[in-house]
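Q: Please take a close look at a single part of this protein chain. I would like to know how it sits in its surroundings.

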Amino acid sequence: MKISARNQLKGRIVEITKGATTAHVHIDIGGAIVTSSITNAAVDDLGLTVGKEAYAVVKASDVMIAID
C-alpha cells in the first residue's frame with residue numbers, strides 16, 4: 001500500500017459496530033483505541049473483521065499536540 005497521508009497507525013480491529021448506514025470500527029494501536037466512522041459498505045468492501053490487521057489513516061491539514 002502506498003498513500004500520501006503521513007499519519008498511519010497500524011493496529012488490530014477489536015470491534016465493529018454497524019448501524020443503519022454507518023459503522024464504528026475500533027482499532028487497537030498498542031493499547032490505545034482509535035475509532036473510525038465509515039459506511040457499512042466500506043466495511044464489507046474492505047472485508048473488515050474483528051482480529052484483522054488494519055491501518056487508521058489520519059489525513060488533516062493540522063495535527064495538534066497537547067500535554068497535561
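A: Start with one term: two residues are in contact when heavy atoms of theirs lie within 4.5 Å. Keep in mind that this is a predicted model.

Now take Asn40. Which residues does Asn40 contact, leaving aside its neighbours within four places in sequence? They are Lys18, Gly19, Ala20, Thr21, Thr22 and Ala23. Asn40 itself belongs to helix H1, which covers residues 40-46.

Is Asn40 buried or exposed? The cut-off for buried is a relative accessible area under 20%. Asn40 has 13%, so Asn40 counts as buried. There is a polar detail here too. A polar atom of the Asn40 side chain lies 3.4 Å from the backbone oxygen of Ala20.

Next, place those partners. Strand S1 covers residues 7-18, and strand S2 covers residues 22-28. Lys18 is among the contacts of Asn40, and residue 18 ends S1. Thr22 is another contact, and residue 22 begins S2. S1 and S2 form a hairpin, with 3 residues between them. The two strands pair in the antiparallel sense over 6 bridges.

Ala23 is also in contact with Asn40. Ala23 has a bridge partner in S3, and that partner is Ile38. Strand S3 takes in residues 33-39 and pairs with S2. This pairing is antiparallel as well, over 7 bridges. S2 and S3 form a hairpin with 4 residues between them. In that turn, Gly30 has a positive phi of about 95°. Residue 39 closes S3, and helix H1 opens with residue 40.

Follow S1 to Ile13, which is found in that strand. Its bridge partner in S2 is Ile27. How large is the relative accessible area of Ile13? The value is 2%, so Ile13 is buried, given the limit of 20%. Set aside residues up to four places away in sequence. Ile13 then touches Val25, His26 and Ile27. Its list of contacts also holds Leu48, Thr49, Val50, Gly51, Lys52 and Ala54. One more distance helps to place Ile13. Ser61 is 48 residues from Ile13 in sequence, and their C-alpha atoms are 26 Å apart.

One strand is left to visit. Strand S4 covers residues 53-58 and holds Val57. Ala54, a contact of Ile13, has a number within the range of S4. Val57 and Asn7 are 50 residues apart in sequence, yet 5.8 Å apart in space, C-alpha to C-alpha. Val57 touches Ile3, Ala5, Asn7 and Gln8, not counting residues up to four places away in sequence. Val57 is partly exposed, at 37% relative accessibility.

Now step back to the whole chain. Along the sequence, the pattern is β-β-β-α-β. That makes 1 helix and 4 strands. The chain has 68 residues, and 18% of them are buried. Asn40 and Ile13 are both buried. Among contacts between residues at least 6 apart in sequence, 44% join residues at least 24 apart. The C-alpha trace spans about 35 × 25 × 25 Å along its principal axes.

Methods. Residues numbered from 1 in each chain as written. Predicted model: local features only at pLDDT ≥ 70, side-chain atom pairs only at ≥ 80, totals over all residues. Heavy atoms only, no water. Buried < 20%, exposed > 50% of the residue type's maximum accessible area, 1.4 Å probe, protein only. Pairing = 2+ DSSP bridges. Polar contact = N/O pair within 3.5 Å; in protein donor to acceptor, adjacent residues only side chain to side chain.
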